[in-house]
Amino acid sequence: MSRRVVRQSKFRHVFGQPVKADQMYEDIRVSKVTCDSSFCAVNPKFVAIIVESGGGGAFIVLPLAKTGRVDKNHPLVTGHTAPVLDIDWCPHNDNVIASASEDTTVMVWQIPDYVPVRNITEPVVTLEGHSKRVSIISWHPTARNVLLSAGCDNLVILWNVGTGEMLLALDDMHTDLIYNVGWNRNGSLLVTTCKDKKVRVIDPRKQQIIAEKTKPHDGTRPIRAIFVADGKIFTTGFSRMSERQLGLWDLNNFEEPIALQEMDTSNGVLLPFYDADSSIVYLCGKGDSSIRYFEITDEAPYVHYLNTYSSKEPQRGMGFMPKRGLDVSKCEIARFFKLHERKCEPIVMTVPRKSDLFQDDLYPDTPGPEPALEADEWLSGKDAEPILISLRDGYVPIKNRELKVVKKNILDSKPPPGPRRRHSTCDSDFSQPALDEVLEEIRALKETVQAQEKRISDLENKLGQFTNGTD
């Protein structure tokens, strides 16, 4: 028998492990909405999960350290009038999250570092432009305040969150329901998948489709696509025989796949999560109880199966921690937040190493929280690669930036139009200075309320310590 030569890879022995029971987040009523979004978003400070809620839509935000049983009265983020379908943390401010809803709006929220006492009901800005439910949102990877939303109206809109304005609307490109949208690394291109069985690569600023592939997978179920290194595109879909497939494509020759592999027969749509630093793609199927991972390289067969993390219970959704939120001292290269029906379970992926020293080869410099561009620079045609940071000494999240950037942009700019009476008679005698005065007073009151909430929260924490001490 000829001996098989095993491919050399530092990621061959990556293994996944759930955290201990007391490190999970228990008693969370995860949303039951049928939607192929991941229902969970995480960053180095918080985990956010879309939850069941009566009358409207809500999601819960928990500080990462607040593990264990979640108080049933824990404040929620509630402002939508129908279920929330997707959430995404801003990559440039760990206290800012966007939510998309069945109520056709997108809302952007400021989350304080302390746990608020009441539900957060006031978004910093509400973005209105879709005519049907909005199921996808995604922040631009390198430009500040640029947010993308895609709805069931087959429309993709790009917003400047700082001003609350619509920057671009891509409205004649999709003939049917959009399944997913992904940015490339510097945010110059988009890849979309659609019910019309096409994968499109779009230059959003030129409003042009620059490449298109019909039926990358022959099956009828939804396709997903993401950009991976060197501008290649990774897809998941189904064969004609309903087997799940993955594919790798080169934009310069979109006709033939670089790789196409069958995986198994299961009907869960595979959500791909890509780590550019290690070139590993993790595939999590909704309703699956496993996470498969593959390394993408320049050598045939290009997509190399590494391993499968298996567990007993199926996942309702999945969050994926950005690299700067990982524990480099434990050689952790990925962390997932797996949603069950009533809890969220972190799963840690590590590369076993004997040394305690920082592992340069596992942690190349990675995108940090500073944006490389302003929204208007990007819109005018500029591109910039992400600004990278070293993880050698670990990453310490920045203290709550109280939307400094955004505050100047949003709260200090013109107030949103009130109940639609732009030019009634009483408006005319409302001079600009008087208006500024009212706004200033509102701002001062809001700050007072926030300060009092923080004080209440601190006192409650103190009370908690007393009662714990007396038990």
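## A walk through the strands

Start by selecting strand 4 (residues 46–51) and strand 5: they pair in the antiparallel sense over six bridges. Helices (H or I, at least four residues) and strands (E, at least two) are DSSP runs, numbered from the N terminus, and two strands pair if DSSP finds at least two bridges between them.

Before going on, note that this is a predicted model, where local features need pLDDT of at least 70 and side-chain atom pairs count only at pLDDT 80 or more, while totals for chains, interfaces and linings use all residues. Residues are numbered from 1 along each chain as its sequence is written, and side-chain values use heavy atoms, with hydrogens and water left out.

**Stop 1: strand 5 and its partners**

Keep strand 5 selected and click on Ile60, the bridge partner of Ile49. The two strands make a hairpin with five residues between them, and Gly55 in the turn has a positive phi of about 60°. Now add strand 7 (residues 77–80), which runs antiparallel to strand 5 and is joined to it by three bridges. Here Gly57 stands opposite His80.

Why is strand 5 described as largely enclosed by the rest of the structure? Seven of the seven residues of strand 5 (residues 57–63) are buried, so the strand is largely enclosed. Buried means under 20% relative accessible area, exposed means over 50%, and partly exposed lies in between (1.4 Å probe, protein chains only). Colour the two faces to see it: Gly57, Phe59, Val61 and Pro63 are buried on one side, and Ala58, Ile60 and Leu62 are buried on the other.

**Stop 2: a cavity**

A search of the whole structure turns up three cavities of 30 Å³ or more, and the largest holds about 100 Å³ of space. To find its centre, select Val61, His74, Ile111, Pro116 and Ile120, the closest to it of the 15 lining residues. A cavity here is a set of points, on a 1 Å grid over the protein atoms alone, where a 1.4 Å probe fits but cannot get out; lining residues have an atom within 4 Å of a point. Grid points are joined across faces, edges and corners, and the volume is the space filled by probe spheres set on the points.

Which element gives the largest share of this lining? Strand 5 does, with three residues. As for character, the lining of the largest cavity divides into 13 nonpolar residues, one polar and one charged. In that count Ala, Val, Leu, Ile, Met, Phe, Trp, Tyr, Cys and Pro are nonpolar, Asp, Glu, Lys and Arg are charged, and the others, Gly among them, are polar.

**Stop 3: two nonpolar cores**

Next, show the side chains of Ile28, Val47, Ile49, Phe59, Ile111 and Phe337: they have the most contacts inside the largest nonpolar core, which has 37 residues. Strand 4 gives the most to this core, with six residues. Apart from it lies another core of 25 residues, among them Phe11, Met318, Val351 and Tyr395. A nonpolar core is a set of buried Ala, Val, Leu, Ile, Met, Phe, Trp, Tyr and Cys residues joined through side-chain atoms within 4.5 Å.

**Stop 4: strand 25**

Jump to strand 25 (residues 280–285), where six of six residues are buried. Ile280, Tyr282 and Cys284 cover one side, while Val281, Leu283 and Gly285 are on the other. Strand 24 (residues 270–275) pairs with strand 25 in the antiparallel sense over six bridges, with Phe273 opposite Tyr282. In the turn of their hairpin, Ser279 has a positive phi of about 60°. Strand 26 pairs antiparallel with strand 25 too, over five bridges, and there Cys284 stands opposite Ile291.

**Stop 5: a few oddities**

Most residues other than glycine have a negative phi, and most peptide bonds are trans. Phe39, though, has a positive phi of about 65°; look for it in the loop between strand 2 (25–26) and strand 3. At 2% relative accessibility, Phe39 counts as buried. Asn154 has a positive phi of about 60°, and at 18% relative accessibility Asn154 is buried. For a cis peptide bond, zoom in on Ala300 to Pro301, with omega near 0°.

**Last stop: Arg353**

Finish in the loop between strand 30 (343–350) and strand 31 (366–367), where Arg353 is found. Is Arg353 buried or partly exposed? Its 29% relative accessibility makes Arg353 partly exposed. Leaving aside residues up to four places away in sequence, Arg353 touches Lys10, Cys331, Gln359, Asp361 and Leu362, where contact means heavy atoms within 4.5 Å.

Technical notes:
1 Å grid on protein atoms, 1.4 Å probe; cavity = no way out; pocket = protein on both sides within 12 Å on 5 of 7 lines; lining within 4 Å.
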